[in-house]
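Biologist: Could you walk me through this one while I have it open on screen? I'd like to go piece by piece and ask as we go.

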Amino acid sequence: MEPGKDIAPNAVFELRGKEYRVAAGQTVRASLQAVDLNPELYLCVLCGELVTDDRIVEAGESYRLVAVVSGGDN
Amino acid sequence: MRQHKLALCCEHFLQWVPEQTERFIQKYKMFARDERVLLAVSGGKDSLALWDILLRLGFAADGLYIELGIDGDMQYGQRSQACARKFADAHGAHLITVDVHRKYGATIPELAQLTRRGKDKPCSVCGVSKRYIMNYVAREGGYAVLLTGHNLDDEAAVLFQNTLHWQTGYLARQAPVLPATDAGFVRKVKPLCRFYERETAAYALLRGIDYLYAECPFSVGANTIYYKELLGRLEAERPGSKLQFYLSFLQAREDGYFAGAKDDEGLRSCERCGQPTTAPGSCAFCRMWAAVRERKRESRGGSENPVVTQACGR
C-alpha cells in the first residue's frame, strides 16, 4: 500500500510528520509491513499508550510511531 | 518479545527489565553495590532508562553528560542536556557536565573541520573525545566503574561490522565488561547489552521518561544504523537472530576463539596527559588537539588560542 493512498475503512500511522494509511482489521505488525516499515524498528503509540504489535487496528485510529534505532559511527 | 517467546503487561514488563538488568550485572560481575559508579548519559532513551533502572535497584549512580556543541539546526545539544538535567533533578541524582567547547576550546563540529581524523567523519572525533572524557572524569572522580547504555542492537551492529571486516582485535575487546587496567583505563560495563533497543525504548516510554527522540544530526547514514536496519530485517523474519548472534559470539569469546592482547599489553601513559594509550608519545586525543592548535595558529597568523593551548593540561 502506498503512503497516503486513500482506502476505507482505514487507520493512520504517523512517523516524523509523514502519514501512512492502512486498512483496518489487521494487526499493527501487519499494518507496518504493508507500508514497508519494519516492525522491529518502531514502537506504536495510540492515544499516548504504547500498544503491542499484535493489536488489531480499528478504523479511524491514529497511531504515532516512535523509531527505536539510534547510534553513530564512533 | 518474540525473541524470548514472552508477552508481558505494562506492570510486569516494568518489573522484568530491572530484574533482568540486575541479573546481568551479577552474571557478568559488572560491579558491586558498594562501588562508586558513573553512568555516561546522553539524554537518549538507553542511558536515561539505565539510570532509572539503577536508581530503582538501589545503586547510587552519578551521571556524566558531555556537551558536544552539536546543534544541527535543532538545538540537539541543548535539548539533550535538558533531558539529562531534568531526569537528574527529578530523581535527586548527581549529574556532572563537561562542556567540550568551554573546557577544550572547540565544539565537536569545529573539531571535525579542523582535523584530518574528523574530515567527513565527525563521529570519529566525537568517539575519541567522549571515550577520553569519560575515562578522565571517572578516573579523576575516583569512580570504580564507568557504565554506558549500549543495548544489544548496538552490540550486534558493531559485532556485525567487525565480523564483516574481520577486525579480530576489536572482536577480542568486545564484551559486557572491559576490566580496569593498571595503565589507567577504568572498568567499563554495559548493563543493557542483552536488551533489544525496542525494549529499552519501551521501558523509557512506559516509565514516562522524557528523553530526546531526535537523533544526532551527524548520525545520518552512519554504518551502525545501516547494520541495525539489516539486522532488523533478519529479526523480522527470524525472531531471536540478533540475540543468538550476540550470545553465540560471547560464548565463542569465552571459549577462547578471539584471543586478543592482554588488557594491559602495549598500553603506556600519554606523555602529555597521562591517560593510557597504545600509541607511542601522545594519545589520540592529545594529538587531535595538538593538530587543532596548529591549524588555529596558522589561521591566526601565529597567535594561539589560549583555551585550546590548555586542552590537554592536567
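Biologist: What is the strand order of the open sheet in chain A, and is the pairing mixed or uniform?
Modeller: Bearing in mind that this is a predicted model, chain A has five strands in an open sheet, ordered 2-1-5-3-4, and their pairing is mixed. Strand 2 (18–23) and strand 4 of chain A are the edge strands, each pairing on one side only, and from one strand to the next the twist averages 35°.

Biologist: Which way does strand 3 of chain A run against strand 5 of chain A, parallel or antiparallel?
Modeller: Those two strands pair in the antiparallel sense over five bridges, with strand 5 of chain A covering residues 62–67. If you want to check the register on screen, Tyr42(A) has Ala67(A) as its bridge partner, and Leu43(A) has Val66(A).

Biologist: And how many bridges join strand 3 of chain A to strand 4 of chain A?
Modeller: Three bridges join them, and the two strands run antiparallel; Val45(A), for instance, has Leu50(A) as its bridge partner in strand 4 of chain A. The two strands form a hairpin with two residues between them.

Biologist: Which residue in that turn has a positive phi?
Modeller: That is Cys47(A), in the loop between strand 3 (42–46) and strand 4 (49–51) of chain A, where phi is about 50° although the residue is not a glycine.

Biologist: Is Cys47(A) buried or exposed?
Modeller: Cys47(A) counts as exposed, because it has 9 C-beta neighbours inside 10 Å and the cut-off for exposed is 12 or fewer.

Biologist: Where in chain B is there a positive phi in a residue other than glycine?
Modeller: Trp166(B) is one to look at, with phi near 45°, and its place is the loop between helix 7 (152–164) and helix 8 (168–172) of chain B. Trp166(B) also counts as exposed, since it has 9 C-beta neighbours inside 10 Å.

Biologist: Switching to the sheet in chain B, what is its strand order?
Modeller: Six strands form an open sheet in the order 3-2-1-4-6-5, again with a label of mixed for the pairing. Its edge strands, each pairing on one side only, are strand 3 (95–99) and strand 5 (177–178) of chain B.

Biologist: How does strand 2 of chain B pair with strand 3 of chain B, and which helix packs there?
Modeller: Strand 2 (residues 62–67) and strand 3 of chain B pair in the parallel sense over five bridges, and Ile66(B) stands opposite Val98(B) in strand 3. Helix 3 (residues 76–91) of chain B packs on the sheet and touches both of these strands, with its direction making about 165° with that of strand 2 of chain B. Helix 6 of chain B, in turn, lies across strand 1 (37–40), strand 2, strand 3 and strand 4 (145–147) of chain B, running at about 145° to strand 2 of chain B.

Biologist: How many residues does each chain bring to the contact between A and B?
Modeller: Chain B contributes 29 residues and chain A contributes 14 residues. On the side of chain B that touches chain A, the elements giving two or more residues are helix 6 (122–140), helix 7, helix 9 (197–207) and helix 10 (223–237) of chain B, and the largest share, nine residues, comes from helix 10 of chain B. By class, that side of chain B has 13 nonpolar, seven polar and nine charged residues.

Biologist: Which strands of chain A does helix 9 of chain B lie across?
Modeller: Helix 9 of chain B lies across strand 3, strand 4 and strand 5 of chain A, and runs at about 25° to strand 3 of chain A.

Biologist: Last topic, helix 11 of chain B: which residues there are buried?
Modeller: Lys242(B), Tyr246(B) and Phe249(B) are buried, and they sit on the same side of helix 11 of chain B because they cover an arc of only 60° around the axis. On the other side of the helix, Ser248(B), Gln251(B), Ala252(B) and Glu254(B) are exposed.

Biologist: What covers the buried residues of helix 11 of chain B?
Modeller: The cover includes helix 7 and helix 10 of chain B.

Biologist: And how far does helix 11 of chain B reach?
Modeller: Helix 11 (residues 241–254) of chain B has 14 residues and reaches 20 Å from its first C-alpha to its last, close to the 20 Å expected at 1.5 Å a residue. Just after the helix, Gly256(B) takes a positive phi of about 90°.

Technical notes: Residues are numbered from 1 along each chain as its sequence is written. Chains are lettered from A and ligands numbered from 1 in the order in which they are written. This is a predicted model: local features need pLDDT of at least 70, side-chain atom pairs count only at pLDDT 80 or more; totals for chains, interfaces and linings use all residues. Helices (H or I, at least four residues) and strands (E, at least two) are DSSP runs, numbered from the N terminus. A residue is buried if 20 or more other C-beta atoms lie within 10 Å of its own, exposed if 12 or fewer, and partly exposed in between; C-beta atoms are placed from the backbone. Two residues are in contact if their C-beta atoms, placed from the backbone, lie within 7 Å. Ala, Val, Leu, Ile, Met, Phe, Trp, Tyr, Cys and Pro count as nonpolar, Asp, Glu, Lys and Arg as charged, and the others, Gly among them, as polar. Two strands pair if DSSP finds at least two bridges between them. Axes are lines fitted to C-alpha atoms, for helices over the stretch in contact, and angles run from 0 to 180 degrees between N-to-C directions. The expected span of a helix is 1.5 Å times one less than its number of residues. The arc is that of the directions from the helix axis to the C-beta atoms.
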